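Trainee: Could you take me through this structure, step by step? I would like to reason from the atoms.

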Amino acid sequence: MSLSKPAPESAAAAAGIVAERPVFDATITPHRSLGADGFRLVMTLVCLTSLVTSVPFLLLGAWPVAGFFGLDILALFIAFKVNFKAARAFERIVVTPLEVLLRQVSHRGKEAIWRSNPAWTRLEREDDEDYGLLRLALVSRGCKVPVAAALSPQEREGFASALSAALAKARRGPDFEPA
């Protein structure tokens, strides 16, 4: 068995592939504790409760009360649908030794992309001694972009330490170890 040195072109290509390998890749989505099945259950219970409660009013001749129960159900349904639509928003942060990429997509599908060199990017924090980490932003060349707003202060703290470590690792350069 003989070992040969790789050709310069293949070594450069391998170095390029390693340099583009993500050091950090995270997608942040707003937390929603109620899923589709829970939504159906809640709406069914509300409808049944409203129906049972409105029957005595109908029998007494106070029929407008049943209409107001219907309006309450409609308002609750619309509020849940707006909430579920807002949950479509997300932000994705990818850190490689060559680039920091932040892609923020709103609940309406509007996309904002921010790119920076990790050597010039720093993480700015706003801490409060009572509440913890309030705000987190990526800063590069005077441009400041808020990140991780959908996370709680405790989750944001863990995210900040992981992102800081990834930025430090990206500044050191790519690891030329196999994936």
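The questions below deal with a surface patch, a pocket and some salt bridges.

Mentor: Keep in mind that this is a predicted model. Ask away.

Trainee: Which helix holds Leu74, and is this residue buried or exposed, or in between?

Mentor: Start with the accessibility. Leu74 has 46% relative accessibility. Buried means under 20% and exposed means over 50%, so Leu74 counts as partly exposed. Its helix, residues 64-86, is α3.

Trainee: How much accessible area does the nonpolar patch with Leu74 have?

Mentor: Leu74 has company on the surface: Phe68, Leu71, Phe77, Ile78 and Val82 belong to the patch too. Together, these nonpolar residues have an accessible area of about 580 Å².

Trainee: What is the volume of the largest pocket, and which elements give two or more residues to its lining?

Mentor: The volume of the largest pocket is about 260 Å³. Its lining has 14 residues, and the closest to the centre are Ala89, Phe90, Glu91, Gln104 and Val105. The elements that give two or more residues to this lining are β2 (90-95), β3 (100-105) and β4 (111-116).

Trainee: How many nonpolar, polar and charged residues does that lining have?

Mentor: Sort the lining of the largest pocket by class. Three residues are charged and three are polar. The nonpolar residues number eight.

Trainee: Why can side chains of opposite charge pair? And how many salt bridges does the structure hold?

Mentor: Such side chains can pair when their charged atoms come close. One salt bridge joins Arg103 and Glu111, at 2.1 Å from N to O. The cut-off is 4 Å, so this pair counts. The total for the structure is nine.

Trainee: Are Arg103 and Glu111 buried or exposed, or in between?

Mentor: Compare each value with the limits of 20% and 50%. Arg103 has a relative accessible area of 31%. Glu111 is at 41%. Both values lie between the limits, so Arg103 and Glu111 are each partly exposed.

Trainee: Which residue meets Glu126 in a salt bridge, and is it buried or exposed?

Mentor: The partner of Glu126 is Arg135, at 2.8 Å from N to O. Glu126 is partly exposed, at 37%. Arg135 has a relative accessible area of 51%, which is over 50%, so Arg135 is exposed.

Trainee: Which residues are linked in a network with Arg122?

Mentor: Begin with one pair. The side chains of Arg122 and Glu124 meet at 3.6 Å, N to O. A network of salt bridges links Arg122 with Glu124 and Lys144.

Technical notes. Residues are numbered from 1 along each chain as its sequence is written. This is a predicted model: local features need pLDDT of at least 70, side-chain atom pairs count only at pLDDT 80 or more; totals for chains, interfaces and linings use all residues. Side-chain values use heavy atoms; hydrogens and water are left out. Patches are made of residues with over 30% relative accessible area and no salt bridge: like charges are joined within 9 Å, nonpolar side chains (Val, Leu, Ile, Met, Phe, Trp, Tyr) within 5 Å. Accessible areas come from the Shrake-Rupley method with a 1.4 Å probe; for residues, only the protein chains shown count as cover. Helices (H or I, at least four residues) and strands (E, at least two) are DSSP runs, numbered from the N terminus. Buried means under 20% relative accessible area, exposed over 50%, partly exposed in between (1.4 Å probe, protein chains only). On a 1 Å grid over the protein atoms alone, a cavity is a set of points where a 1.4 Å probe fits but cannot get out, and a pocket is an open set with protein on both sides within 12 Å along at least five of seven lines; lining residues have an atom within 4 Å of a point. Grid points are joined across faces, edges and corners, and a volume is the space filled by probe spheres set on the points. Ala, Val, Leu, Ile, Met, Phe, Trp, Tyr, Cys and Pro count as nonpolar, Asp, Glu, Lys and Arg as charged, and the others, Gly among them, as polar.
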